[in-house]
Amino acid sequence: MKIVDLRTRCVAIPLNAQLRHNTGVHPGYFLRTILEVITDEGIVGLGEVGGGDQRGALQKLKPRIIGLDPFQLEIMKLKVLRSIYYMSNARLYAALEMACLDIQGKVLNRPMSDLLGGRIRDEVPFIAYLFWRYDRPGDGKHDETAEDLADYCVELHETLGVNAMKLKAGVMSPQEEVRVLELCRQKLGNDFGLRIDPNGVWSVPTAVQMGKRMEELNIEYFEDPSWGLQGNASVRQQVRIPIATNMYPARFDDLAPAIRLGAVDIVLTDIHYWEGPRGVKDLVAICNTFNMGIAMHSGAEFGIELAAMIHTAATIPTMTFAGDAHYHYLTDDIIEGGKMEYENGCIKVPTEPGLGVSLDEDKMKFYEKYYEEKGDYYARFHQDPYRPDWYPKVGGI
């Protein structure tokens with residue numbers, strides 16, 4: 001079996017609000033590049049990647065993969081990921097590996113999880129991912145106080161069944177953002193999981209001060225409290241809360257320095273940062289060796305990548321934390337049957353061959369057109385529509 005073609009399309013799906021973060025605002029939609037890897041036997045594997053419109057970058061790699069057997073992933077990795085020293089192709093390789101694993105599963109009539117060692121759980125739990133919102137559904141108002149987000153957390157707990165949350169911080173004052181967690185603890189009890197992620201925007205003194213305030217909340221982890229490996233390490237030395245990361249390290253090159261510095265307790269896996277589902281399994285083996293915890297990062301994925309994330313997470317015994325997901329902000333999906341359903345805060349592992357999902361062509365065409373109308377927001381650096389002169393600042397207090 002040989003790969004004979006690679007098709008790429010860019011789609012955008014509306015959100016139910018505009019989501020604020022420490023470097024700007026997601027402007028009411030997410031966008032993804034969808035790829036289809038096609039074999040000479042007519043089997044099509046699906047992949048997905050974020051980071052803006054990646055069609056051109058993937059098409060430049062097409063000559064490197066045409067003619068390969070989709071089971072030859074090590075050769076593909078060498079040709080795509082290892083042989084262009086001045087490019088960071090981890091995202092692109094990961095999307096290709098995802099599609100090839102989809103093909104392999106379809107050929108073998110087995111779900112992707114079986115190709116990764118077999119699932120040890122039939123469903124994967126997810127969190128209530130909290131963002132400060134503009135134009136929230138229902139009343140069209142903005143989230144302005146800790147009470148707004150704590151109430152939203154309760155709503156997600158009641159509607160989705162989720163039993164943990166994470167606040168995307170670095171937007172309001174650190175004191176107000178910590179107060180969100182304090183209110184959630186009051187409203188949802190001591191068994192509800194709490195997390196906060198300033199994405200490295202807080203200074204070390206700010207992160208330490210806020211961390212000490214949160215110690216009594218018994219939160220699950222403090223994610224990327226300050227900038228860089230050294231920033232995380234400095235906070236970790238002074239605060240009695242586990243430090244997690246999806247930023248430092250977020251690639252294998254930085255993993256050894258992070259361990260030597262004592263920068264992190266928990267690493268959030270990501271299919272695109274860590275070189276595909278098989279790369280995530282490599283990461284887990286390293287983390288297990290050094291007794292580091294494992295969680296799962298969300299990159300604003302649609303149903304194709306979410307399926308790959310669920311398959312991967314289902315095979316990892318040490319992934320004891322509920323996974324991140326932006327999924328509840330999406331108004332629709334591009335897969336047949338519509339959005340995956342939450343049941344008691346979990347999404348079931350697909351059991352059909354490969355990824356277990358397929359494209360809805362009508363929705364693909366509709367959301368391709370929507371993307372053409374809206375454009376690539378990465379080119380505009382997530383501009384804040386209500387504060388046109390705003391720019392990110394590092395510090396906190």
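**Strands, a loop and the core**

Author: This is a predicted model. Let's start with a strand pair. Strand E4, residues 29-39, pairs with E5 in the antiparallel sense. Six bridges hold that pairing.

Reader: Which residue in E5 is the bridge partner of Ile34?

Author: Glu48.

Reader: What do E4 and E5 form, and how many residues lie between them?

Author: They form a hairpin, with four residues between the two strands. Look at Gly42 in the turn: its phi is positive, about 80°.

Reader: Why is E5 described as largely enclosed by the rest of the structure?

Author: Strand E5 covers residues 44-49, and five of its six residues are buried, so the rest of the structure largely encloses it. Buried here means under 20% relative accessible area.

Reader: What about side chains in a strand? Where do they point?

Author: In a regular strand they alternate between the two faces of the sheet.

Reader: New topic. Where does Ile66 lie?

Author: In the loop between helix H1 (55-65) and helix H2 (73-82).

Reader: How exposed is Ile66?

Author: Partly exposed. Its relative accessible area is 34%.

Reader: Leaving aside neighbours within four places in sequence, which residues is Ile66 in contact with?

Author: Ile3, Val4 and Asp5. Leu6 is also worth a look: it is 60 residues from Ile66 along the chain, yet their C-alpha atoms are separated by 8.1 Å.

Reader: Back to sheets. What is the order of the open sheet of three strands?

Author: E3-E2-E8, with antiparallel pairing. The edge strands are E3 (24-26) and E8 (133-134), and each pairs on one side only.

Reader: How many bridges join E2 to E8?

Author: Two. E2 spans residues 18-21 and runs antiparallel to E8. Gln18 stands opposite Tyr134 in E8.

Reader: Now the core. How many residues has the largest nonpolar one?

Author: It has 126 residues. Those with the most contacts inside it are Met76, Met165, Val180, Leu181, Ile304 and Ile334.

Reader: Which helix gives the most to this core?

Author: Helix H3, residues 90-108, with 11 residues. Another core, of six residues, lies apart from it. Among its members are Tyr221, Ile266, Ala295 and Phe321.

Reader: What does Ile304 touch, not counting residues up to four places away?

Author: Its contacts include Ile34, Leu46, Gly47 and Glu48. Met98, Ile334, Ile335, Leu355, Val357 and Leu359 are touched by Ile304 too.

Reader: Wait, Ile34 and Glu48 came up before.

Author: Yes, as bridge partners. Ile304 touches both of them.

Notes: Residues numbered from 1 in each chain as written. Predicted model: local features only at pLDDT ≥ 70, side-chain atom pairs only at ≥ 80, totals over all residues. Heavy atoms only, no water. Buried < 20%, exposed > 50% of the residue type's maximum accessible area, 1.4 Å probe, protein only. Pairing = 2+ DSSP bridges. Contact = heavy atoms within 4.5 Å. Core = buried A, V, L, I, M, F, W, Y, C linked by side-chain atoms within 4.5 Å.
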